[in-house]
Each structure stands twice: as C-alpha cells, then as structure tokens.
Amino acid sequence: MIFRKILYVLSLSVLMPFPGAPADEVPRVVASILPVHSLVSGVMRGVGNPSLIVRGYGSPHTYRMRPSDAVKLHDADLVFWIGDTLESFLRKPLSSLPKPVRAVSLMETDGLTLLKNREGGLWEHHHPALRTEPAPLPGTRHGNFVSPIQKHPEETEQHATLAATETHQHLGYNPHIWLDPKNAKQLVKTIAHHLSEVDPVHGTRYEINASDLLQRMEDLAERLRKQLSGLTSVPYLVFHDAYPYLETRYGLQAVGTVTATPDRMPSARRIAELRSAIERLNIRCIFREPQFDAKVIEAALDDANITRPVTIRVLDPLGVGITPGPDLWFHVMENHARVMADCLGPTARSLSDLGCSAAEKRISARISENFR
Ligand SMILES: [Zn+2]
C-alpha cells in the first residue's frame, strides 16, 4: 500500500515537471550519478528535470538500490548511466525492466578517450586478482598507462536488454570519464542526441543548450590548463583511482592510491608500500574523498609512521558537496583545479589557510612533528 502511494506521488512528480505543462510532452529521464545528472540537466534546461539515483553522499562503488530507485527506473523513458564498471548495482535492474527503456551507457559514447585502469605498484584498482607479484613503484607519471583508444561508432547506442552484456567489454577501463572536459563534451553531444530522438518536439532546445554547454566547457578547459600547468612534476597520492582522465589531460603526476578498492581499508602490505612511496618520492599531498572516512588515511599514515610532512586534502569527483544541477559539473572541475593548485603548487598555503578538518590538522601536525 505504502509502495503504491510512493509510486503515485513519484509518478505525479515526474509527469508534471512544470505546473501547467502538458504531462506527455516531457520525457521522464533518470541519471545515475551527480555528474551525469548535471550534464543531462544542462541539456534539458528549460524543458524538464532529470531525476537522480545516487544522491547525497552515496558512492556508485558501494550503492544499494532503494525501492524509490526501482520506481524511477520503471517509469523512465530514458536512463543515462556510465556503465556497469561504475554503477554495477544498475546492471540487473536495467536488464529486468518489464518494458524496453532506452538505457544509455555513456562509456559507449562515440569519440570518447578511454583509459585502462592502472595496475601494479600503487595502482592496484578493482581487479586485484589480475596482479601476481608487487611491481616496482612507478618512476614516471605514466606508470602502466595504456594509450587512449577511440570508440567505434557502431558501439554508441544500446537499450536496456543489451546493456548488461555489451558493457562488459569495458571491464578494465577506468569509468571516471567525466573528469576530462574533452570527454565531457562528447557526453553532452550524446545526451543531446538521445534526448532529441526520444523527444523530437524539444530537439531545437536540446541542441541550443548543448552548444552553450560545449562553449562553457571549452572556456573551462582553457582556465584549467593555465591553473594546472605548473604542477606537472609534483607527485601525489589519491584515495582511489578516480582521476586518470584529469591527470592525463593536464599532465599531472599521481603515483598511486591509498586503497585498492574504495570500500576497503588498505592492507598492511599496502600501508608499507604507501610509506615507501611517500619517503622515496617525496609525496607532500594525499587527496581523500568526502564519502570515505578520513580515518582510513589517518590510520594508514599512523601505522606507517611517516617521517615527512604530508597534507591531506579533499577532492570530490562526484560533487557530493555541491548543489545538484547544470552547474555542478563545472564546480567539480574548478574545485579539483583549485584544491590541487593549493596543495601541490609552489605557493602551497599553510594548513590553517587550507580549511583542513581538525583530524587532518592533527595528523599533519603529528607527521610534521615526526619529520623534525
Ligand atoms: Zn570511483
């Protein structure tokens, strides 16, 4: 009964995005995660609002579907997601919907640059089984990077029934594709294309919105280039391998991750590897993420008895701390550049200027103390 009520209320909210607008004119669009929701919102500006699955501080790596999510998918005309290498929780629900729904896996986007997950050394990602012996620490920024590949045009479109099997070919590729402005432009084009096909009445509006977004993205990419240009030789660690697209585009020098999988504490071996990397490569910044407890990094550094000053800052690749909507993606990108420049740049400011949490200050102070 309660479920029925929820279903009724939700269907009202998606059917009537604007008071007075004829309900059947606006497609019901669902986006999986905040950055995808942001790009879709930008293309749909003035027409309607997509709904969002992974809300608040949720992480697509650990998310569990709620009944209200199932209702959104059930009612949708169009679903945008990255693909089952990121939102694996969507694979089954999308392939078992009672009616055909156009589910667009954005990993399949034409013209996208895709990068392999980095493996070996401190780049163990989601496939620890693939690794045998620990590899030497990467001495160069490219580590085990594989060159970007271009997608084939025939791989662009697919429907829910095909989504599960076809996206398996992207296992091994890093799914955080939106953190490169050039990729994001391709995503906007694909989103506009699918919206126009499902809703040709608003096709012109989608096209105009998309071209506005592309221009803003171009401007942003140029600003980021200037902001990040001086940081290409400064090594740092990240919480999990979420930033290869940003790093490759701007030549940044991440050397590894704190944890191999975002939902697990680092192992004792990983902690020893971290200490070795921090000492040998003179790491002065570690970037954590808002969804994952600062304690994971604190404990790792604590156990490792680090003897160099290390600053912990927060990067937010999903934008969980930002108001959802068309501007979220732009803020995510600007925040990354600002935080990285703050921590890695030659004029890196003191801890109190950086707005670190008390825990971060404590650990940094303790680490600095060890250094002395
Ligand atoms: Zn991730």
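## Aromatic pairs

Phe330 counts as buried, with a relative accessibility of 4%, and this residue offers a starting point for a reading of side-chain contacts in what is a predicted model. The structure holds three aromatic pairs. One of them joins Tyr236 and Phe287 in an edge-to-face arrangement, in which the ring centres are 5.3 Å apart and the planes stand at 80° to each other. Because Tyr236 belongs to strand β7 (residues 235–238) and Phe287 to strand β9 (residues 285–288), this pair ties together parts of the chain that are 51 residues apart in sequence.

Tyr236 is buried, its relative accessible area being 0%, and Phe287 is likewise buried at 0%. Another pair is formed by Trp329 and Phe330, whose ring centres lie 4.9 Å apart and whose planes meet at 90°, so that this pair too is edge-to-face. Trp329 is buried, with 0% relative accessible area, and its partner Phe330 is buried at 4%; both values fall under the 20% limit below which a residue is called buried.

## Arg118 and its partners

The structure contains 13 salt bridges. In one of these, Glu247 is paired with Arg118, and the closest N and O atoms are 2.8 Å apart. The two residues come from distant parts of the chain, since Glu247 sits in helix α8 (residues 244–250), while Arg118 sits in the loop between β5 (113–114) and β6 (149–150), with 129 residues separating them. Glu247 counts as buried at 2% relative accessibility, and Arg118 counts as buried at 2% as well.

The contacts of Arg118 are not limited to this one partner, for a network of salt bridges links Arg118, Asp241 and Glu247. In addition, Arg118 lies over the face of Trp123, at 3.7 Å from the ring centre. Arg118 therefore takes part in a salt-bridge network and also has its charge placed over an aromatic ring, as its distance of 3.7 Å is within the 6 Å cut-off for such a contact.

## Salt bridges of Arg249 and Glu334

A salt bridge also joins the side chains of Arg249 and Asp180, with an N to O distance of 2.8 Å. This pair again links distant parts of the chain: Arg249 is in helix α8, whereas Asp180 is in the loop between α5 (160–166) and α6 (181–198), and the two are 69 residues apart. The partners have unlike surroundings, in that Arg249 is partly exposed with a relative accessible area of 25%, while Asp180 counts as buried at 2%.

Glu334 and Arg223 form a further salt bridge, in which the closest N and O atoms are 2.9 Å apart. Glu334 lies in helix α11 (residues 328–344) and Arg223 in helix α7 (residues 203–228), so this contact ties together parts that are 111 residues apart in sequence. Glu334 counts as partly exposed at 28% relative accessibility, and Arg223 counts as partly exposed at 43%; these two values lie between the 20% and 50% limits, which is why neither residue is classed as buried or as exposed.

## A lysine over a ring

Which ring lies under the charged end of Lys116? The ring is that of Tyr173, and the charged end of Lys116 sits over it, 4.7 Å from its centre.

Definitions and conventions. Residues numbered from 1 in each chain as written. Predicted model: local features only at pLDDT ≥ 70, side-chain atom pairs only at ≥ 80, totals over all residues. Heavy atoms only, no water. Salt bridge = Lys/Arg side-chain N within 4 Å of Asp/Glu carboxyl O. Helix = DSSP H or I, 4+ residues; strand = E, 2+ residues; numbered from the N terminus. Buried < 20%, exposed > 50% of the residue type's maximum accessible area, 1.4 Å probe, protein only. Phe/Tyr/Trp six-rings, centres within 6.5 Å; stacked < 30°, edge-to-face > 60°. Lys NZ or Arg CZ within 6 Å of the ring centre and 35° of its normal.
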